[in-house]
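Have the sequence and the model open side by side for this one. We will start from a single charged side chain and work outwards to the fold and its cores.

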Amino acid sequence: MRTPHVVVVMGVAGTGKTTIGPLLAARLGVPYAEGDDFHPPANIAKMSAGHPLDDADRWPWLDAIGAWAHGRAGLGGVVSSSALKRSYRDRLRAAAPDIVFLHLAGDRRLIEDRMSHRQGHFMPTALLDSQFATLQPLEADEPGVAVDVSGTPEEITARAVRALDALPGLTPQ
């Protein structure tokens, strides 16, 4: 029997991490953790004011997510995190070596449109350019898959489950 992994649902703001993450967790039968909940209040205030986070802001946030993922090792889980840079993903893997990434990727116009219709989220559309500028897609040696975010949340989740099932070492669903 294979061990369930912790899946980090990653991507720029507006790709649906908070929507797809819980749906994926339900399909996999594991708990979901909202990555935004790991941000300290200063980070949320900074982003709410329209200022992008720098690496110094992100390290404690990534360490908190990594600690959660480490605690779920062998048990499985799903957590959202933008994880835009390779160095961020490396830091998460340093805390939880068996995590895998699900990169929610899509057309900038689609993502901007979705962001403009969100209610009550602290990330303004104005920061989308900085998110895309920072994004470093998964590299061949990183465990994970990229999934297109067009379609309904259910279609995206089904696509994600199929892609993750194809990865070696994951528990089939």
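Is Lys85 buried, partly exposed or exposed, and what is its relative accessible area? In this predicted model, Lys85 is partly exposed, with a relative accessible area of 23%.

**Salt bridges**

The side chain of Lys85 meets that of Asp55 in a salt bridge, at 3.4 Å from N to O. Because Lys85 lies in the loop between strand S3 (77–80) and H4 while Asp55 belongs to helix H3, this pair ties together parts that are 30 residues apart in sequence. Asp55 is itself partly exposed, at 26% relative accessible area.

The count of salt bridges comes to 14. Here are some of them:

| Acidic partner | Basic partner | N to O distance |
|---|---|---|
| Asp54 | Lys46 | 3.7 Å |
| Asp55 | Lys85 | 3.4 Å |
| Asp90 | Arg86 | 2.9 Å |

In the pair of Asp54 and Lys46, Asp54 is partly exposed with a relative accessible area of 37%, and Lys46 is partly exposed with 26%. Asp90 and Arg86 sit four residues apart in helix H4, so about one helical turn separates them. Asp90 is partly exposed, with a relative accessible area of 32%, whereas Arg86 counts as buried at 18% relative accessibility. Both residues also belong to a network of salt bridges that links Arg86, Arg89, Asp90, Arg93, Glu139, Asp141 and Glu142.

Now compare Arg58, which has its place in helix H3 (residues 55–71). Arg58 is buried yet has no salt bridge. Its nearest side chain of opposite charge is Asp55, 4.0 Å away. Not counting residues up to four places away in sequence, Arg58 touches Leu53 and Tyr88.

**The fold and helix H4**

Stepping back, the protein has seven helices and five strands, and along the sequence they follow the pattern β-α-β-α-α-β-α-β-α-α-β-α. Of its 173 residues, 43% are buried. Among contacts with a separation of 6 or more, 73% join residues 24 or more positions apart.

Which residues of H4 are buried? They are Arg86, Tyr88, Arg89, Leu92 and Arg93. These residues lie on the same side of H4, because they cover an arc of only 160 degrees around the axis. The buried residues of H4 pack against S1, H3 and S4.

**Two nonpolar cores**

In soluble globular proteins, nonpolar side chains tend to be buried together. The largest nonpolar core here has 21 residues, and those touching the most other members are Val8, Met10, Val12, Val79, Leu92, Ile99 and Phe101. Strand S1 (6–10), H3 and helix H4 (86–95) are the elements that give two or more residues to this core. H3 gives the most, with four residues.

Take Ile99 as one of the members to click on: leaving aside neighbours within four places in sequence, Ile99 is in contact with Val6, Val8, Ala69, Leu92, Arg93 and Pro143. A second, separate core of 19 residues includes Ile20, Val100, Leu104 and Val145.

Val145 leads on to strand S5 (residues 144–148), whose side chains alternate. Val145 and Val147 point to one face and are buried, while Gly144, Ala146 and Asp148 point to the other and are not. Strand S4 (residues 100–105) pairs with S5 in the parallel sense over five bridges, and Val145 is the bridge partner in S5 of Leu102.

Note on methods:
Residues are numbered from 1 along each chain as its sequence is written. This is a predicted model: local features need pLDDT of at least 70, side-chain atom pairs count only at pLDDT 80 or more; totals for chains, interfaces and linings use all residues. Side-chain values use heavy atoms; hydrogens and water are left out. Buried means under 20% relative accessible area, exposed over 50%, partly exposed in between (1.4 Å probe, protein chains only). Lys and Arg count as positive and Asp and Glu as negative; His and the chain ends are not counted. Contact means heavy atoms within 4.5 Å. A nonpolar core is a set of buried Ala, Val, Leu, Ile, Met, Phe, Trp, Tyr and Cys residues joined through side-chain atoms within 4.5 Å. Two strands pair if DSSP finds at least two bridges between them. The arc is that of the directions from the helix axis to the C-beta atoms.
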